[in-house]
Amino acid sequence: MPFKRALTYSLVINLFFLALCLLFGDLKFGAIDDYFMAARLTGALGTDYNPHLIFVNAIYGYALLPLYHLFPAIGWYYIGEMFSVFLSFTVIGFILLQRCGEHWGAILAALFTALFASDFYLVVQFTQCASILSAAGMLLFAYGIISQDCHAPNGARNDVWGNIQALAPFILGVALMLWGSVMRWQAFLMGLPFFCLGLLFILRECWSAKWHVIAGLAILFAGAFSMHAFDQKIYQSPAYEAFNKFQSPRVILGDKNNYNKNAVYEDAEELGLSGKDFHLLTEWIFYDTKVFAIDSLESYTKIVQQYNDKSSIHIIPHNLLKALSHSIHSPVFWIWFIFCLFIYFTNSKKTFYSWCSLILILTLIAYLITIGRVVYRVESGFWLYATILAIPQFGQFKQKLSKTITLSILCIIALINIFSYATTGTTIRNPTSGDAGTITIKDSTDYTQVFDYIDNQPDKMFMLSMNAFMRFSHHRNPPYLATPAGSFKRTVSFGYWTPYLPEVTDALNEFYITNPIKDVIKDNVIVLNEPGLAGFLQRHYYDSVAVDTLKSIGDMTFFKYRLVNSSVQQAEGK
């Protein structure tokens, strides 16, 4: 199929589904992490732009800085993620059209995009961006290997245009994979086994294009590991020392649920630790620099590790079947299954790829089961890689379709999707569980009043529960607009991954706050949606603490902690 026609068809297909998402969908970040990384980039947690994005390579942040300086009101972090998804879908559709021909290619490209569009466009998320970018890059690289231009006799491609055509898939493929590694290193790495599997099944073609392959892979791995090393070196500076030490205990105590909490509570009490304090930690209340200092947190994490749920070898097959049955109810499984059928009918000698990819998927899911981290955005990435790398295994489509049949099928796909988006446009698959629904938090709070209450007291620092902090991300501003610098400077969470960030520490210091939980009794500190700290304060710091309700707006309640008989406590050195 001619290059320009294939590219045009792919662009039209992807513009159609993007338009449906924009018209009928509720555009949001798929992970709150994305919102706060974008907020950090614009200086919302402090006062100035900060391209160090924690989970996304800082190179992405640096690349966006010129755009933020030119057009500071636009959420370029979000626009960049959406563009990466659109570009990846367009590349995949283009390769399908080139491999399968105009009719079959158009149908498969439309079907693929239809099944994935809502998961990627409506709830764009950095892990999924990394997966789709890496997968599209791997597909382009493999397409460069098997394309006829690459294997034409040397005399047939002595012209400059012929050389460009031969090299372009490798260059663009490596570029997309490098971009994927920037968006999330782990998501890029989890695609490499599928990349190796896909190349293994076109090994003869790899040998024919060995110099392109060797050079491409050398540049890929040198570039990817160099960029990763650059990003990691940023966080080795002294400014991030406390932040780095905090991350491991935070993950163990906050993120993980695969351990016996009751047993940990009892052991903590027996060892002279506080079971009540452990309960606070599991509720994401971390930000006390003395009681919950890193050494103290490690005392709890050591107990937790003793009570991790161990996945018995006998239980893993049962859990695998459960995970597989869950996948069957999602579109990612069915597009993989359809592509495997096309391998069988067009190139039956490559059918073994389908079984190998399934075994690889189940092996990786089994690993996730053993560490207690089976989440849809990661699991779907396995199916995505296996599906896309099935395309190079396709053979010739001998069954021709008429133009009428092709247009009819495309119209049916389009009409079904128009109806689906128009009636259930806000319904998506939760990036964590994979269950269909909406990620919007339902409450009747007028957040304009909440933000006005905070903004009208510039001399106060507001300490938030993690839940309230996360809800702000849904209501401060839409993702396509930049969060203004300083927006979150005076709203600090007791939990999440933001404690101990350098700009958060600096903001607290400006209000003379050195220990956030202990200092909630100060006159310039107001607490939002965390009324249960009095017991902790009385166990560790003060004789008697009272809590007053200042204002309630919907689900948001502002509290003021104060000392009872403060003059006596101060005289006693409390």
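1. A residue is called buried when its relative accessible area is under 20%. With that cut-off in hand, and bearing in mind that this is a predicted model, one can look at helix H14, which spans residues 275–282. The buried residues of H14 are Gly275, Asp277, Phe278, Leu280, Leu281 and Thr282. Because 6 of its 8 residues are buried, H14 is largely enclosed by the rest of the structure.

2. What do the buried residues of H14 pack against? Their partners are four stretches of helix, namely H12 (241–255), H13 (261–270), H15 (294–306) and H24 (534–540).

3. Turning to another part of the chain, the axes of helix H4 (residues 76–100) and helix H5 (residues 102–122) come within 8 Å of each other and cross at roughly 160 degrees. That angle makes H4 roughly antiparallel to H5, since angles over 145 degrees are counted in this way. The crossing in which H4 passes H5 is right-handed.

4. The contact of H4 with H5 draws on many side chains: on the H4 side the residues include Met82, Phe86, Phe89 and Leu96, while on the H5 side they include Trp104, Leu108, Phe112 and Tyr121. Sorted by character, the residues of this contact divide into 18 nonpolar, 3 polar and 1 charged.

5. Leu18, which lies in helix H1 (residues 3–24), is a useful residue to follow from here. Is Leu18 buried or exposed? Its relative accessible area is 17%, so Leu18 is buried. If its neighbours within four places in sequence are left aside, Leu18 is in contact with Met82, Phe86 and Tyr121, and these three residues also belong to the contact of H4 with H5. Leu18 and Tyr121 are 103 residues apart in sequence, yet their C-alpha atoms are 7.1 Å apart in space.

6. The structure also holds an open sheet of 5 strands, in the order S6-S5-S7-S9-S8, with mixed pairing. Strands S6 (491–493) and S8 (545–553) stand at the edges with a single partner strand each, so one side of each is left without a neighbour in the sheet. On average, and with direction ignored, neighbouring strands of this sheet are turned by 30 degrees against each other.

7. Within the sheet, strand S5 (residues 461–464) pairs with S6 in the parallel sense over 3 bridges, and Met463 has Val492 in S6 as its bridge partner. Helix H21 (residues 447–455) packs on the sheet, where it touches S5, S6, S8 and S9 (556–563), and the direction of H21 makes about 30 degrees with that of S9.

Methods
Residues numbered from 1 in each chain as written. Predicted model: local features only at pLDDT ≥ 70, side-chain atom pairs only at ≥ 80, totals over all residues. Heavy atoms only, no water. Axes fitted to C-alpha atoms, helices over the stretch in contact; angles between N-to-C directions. Helix = DSSP H or I, 4+ residues; strand = E, 2+ residues; numbered from the N terminus. Parallel < 35°, antiparallel > 145°, perpendicular 65-115°, else oblique. Left-handed = near helix turned anticlockwise from the far one by under 90°. Contact = heavy atoms within 4.5 Å. Nonpolar A, V, L, I, M, F, W, Y, C, P; charged D, E, K, R; others polar. Pairing = 2+ DSSP bridges. Buried < 20%, exposed > 50% of the residue type's maximum accessible area, 1.4 Å probe, protein only.
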